[in-house]
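Visitor: Please take a close look at one part of this model for me, the interior, and describe in one connected account what builds it and what lies around it.

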Amino acid sequence: KLSAEVSFTYPLWNHDAVASIYENRILYKTQETSPEQVGIVLIGKGCSGKALQIYADGYKGEEVFLNKIKEGMIKNGYDSRKMRIAYLKYRKPSVEEEVEYLLDSGVNRIAVVAAGYENPCIETEYSIPKLLSKIKIPKGTEILYIGSWEDDDLLVKALGDRLKIVAEELK
């Protein structure tokens with residue numbers, strides 16, 4: 001018979017390194033374009049009204065995380081008015097609405113970022129790309145899709161930092 005102590009640590013989403021994953025990916029994808037010409041849509045999961053009531057803290061955390069990415073991009077010279085938060089389902093505004101808003105603002109590149117998704121899934125690999133393919137994009141404008149967190153050295157760093165906290169608490 002084995003025994004083990006189970007410990008919990010803080011969530012990964014609120015580690016600065018995880019927000020930096022998206023900041024770095026957006027900067028890389030838009031490096032050849034002036035920040036004034038770039039719009040950004042950060043996609044959260046969204047949830048139904050009942051789940052939102054039950055898990056309100058979790059969804060507030062998602063908004064905090066998305067806003068942390070926005071703050072990082074502002075520090076890199078991107079216009080806060082051209083950064084939008086959208087939801088794939090259940091909540092407003094929708095991804096389509098926010099992409100349309102940015103198209104109307106005159107940007108020529110829009111980074112659509114599945115920041116609320118930790119792993120590749122049906123939404124990040126199929127639903128979002130299909131949704132984006134249905135939006136009429138004017139000539140000279142490009143949609144840059146950035147998927148889930150996936151594996152990244154910064155994610156490994158965040159996980160290592162969280163494990164160090166648990167190790168210290170167990171001493």
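**The main core and its surroundings**

Guide: The largest nonpolar core holds 24 residues, and those with the most contacts inside it are Y22, I26, I40, F65, I69 and V113. A nonpolar core here is a set of buried Ala, Val, Leu, Ile, Met, Phe, Trp, Tyr and Cys residues joined through side-chain atoms within 4.5 Å, where buried means under 20% relative accessible area, exposed means over 50%, and partly exposed covers the values in between, all taken with a 1.4 Å probe and protein chains only. The model is predicted, so local features need pLDDT of at least 70 and side-chain atom pairs count only at pLDDT 80 or more, while totals for chains, interfaces and linings use all residues. Side-chain values use heavy atoms, with hydrogens and water left out, and residues are numbered from 1 along each chain as its sequence is written.

At least two residues of this core come from each of α1 (16-29), β1, α3 (56-75), β2, β3 (109-113) and α6 (153-170), and α1 supplies the largest share, 6 residues. Such labels refer to DSSP runs numbered from the N terminus, helices being H or I over at least four residues and strands being E over at least two. Apart from the main core lies another, of 17 residues, among them V41, L88, V95 and L103. In soluble globular proteins, nonpolar side chains tend to be buried together.

Helix α1 is a good place to enter the interior. It has 14 residues and reaches 20 Å from its first C-alpha to its last, close to the 20 Å expected at 1.5 Å a residue; the expected span is 1.5 Å times one less than the number of residues in the helix. Along α1, A17, V18, A19, I21, Y22, E23 and I26 are buried. Several of these return in the surroundings of I69, which touches A19, Y22, E23, I26, L42 and A115 once residues up to four places away in sequence are set aside, a contact being heavy atoms within 4.5 Å. Y22 also has a charged neighbour, as the charged end of R25 sits over the ring of Y22, 5.7 Å from its centre. For that description, NZ of Lys or CZ of Arg must be within 6 Å of the ring centre and within 35 degrees of the ring normal.

Turning to the strands, β1 (residues 38-44) pairs in the parallel sense with β2 over 5 bridges and is joined to β3, again parallel, by 5 bridges; two strands count as paired if DSSP finds at least two bridges between them. On the β2 side, Y87 is the bridge partner of G44, and on the β3 side, A111 is the bridge partner of I40. Strand β3 also pairs in the parallel sense with β4 (residues 142-146) over 5 bridges, with I110 standing opposite I143 in β4.

In a regular strand the side chains alternate between the two faces of the sheet. Both faces of β3 are covered, with R109, A111 and V113 buried on one side and I110 and V112 buried on the other. In strand β2 (residues 83-87), 4 of the 5 residues are buried, so the strand is largely enclosed by the rest of the structure. Y87 of this region takes part in another arrangement of charge and ring, since the charged end of R91 sits over the ring of Y87, 4.3 Å from its centre. Further along, a cis peptide bond with omega of about 0 degrees joins K92 and P93, and P93 lies in the loop between β2 and α4 (95-104).

The segment before α1 contains S7, which is partly exposed, with a relative accessible area of 31%. S7 touches V166 and L170, not counting residues up to four places away in sequence, and its C-alpha lies 9.3 Å from that of A167, although S7 and A167 are 160 residues apart in sequence.

Seen as a whole, the chain has 6 helices and 4 strands, running α-β-α-α-β-α-β-α-β-α from the N terminus on. Buried residues make up 40% of its 171 residues, and of the contacts between residues at least 6 apart in sequence, 80% join residues at least 24 apart.
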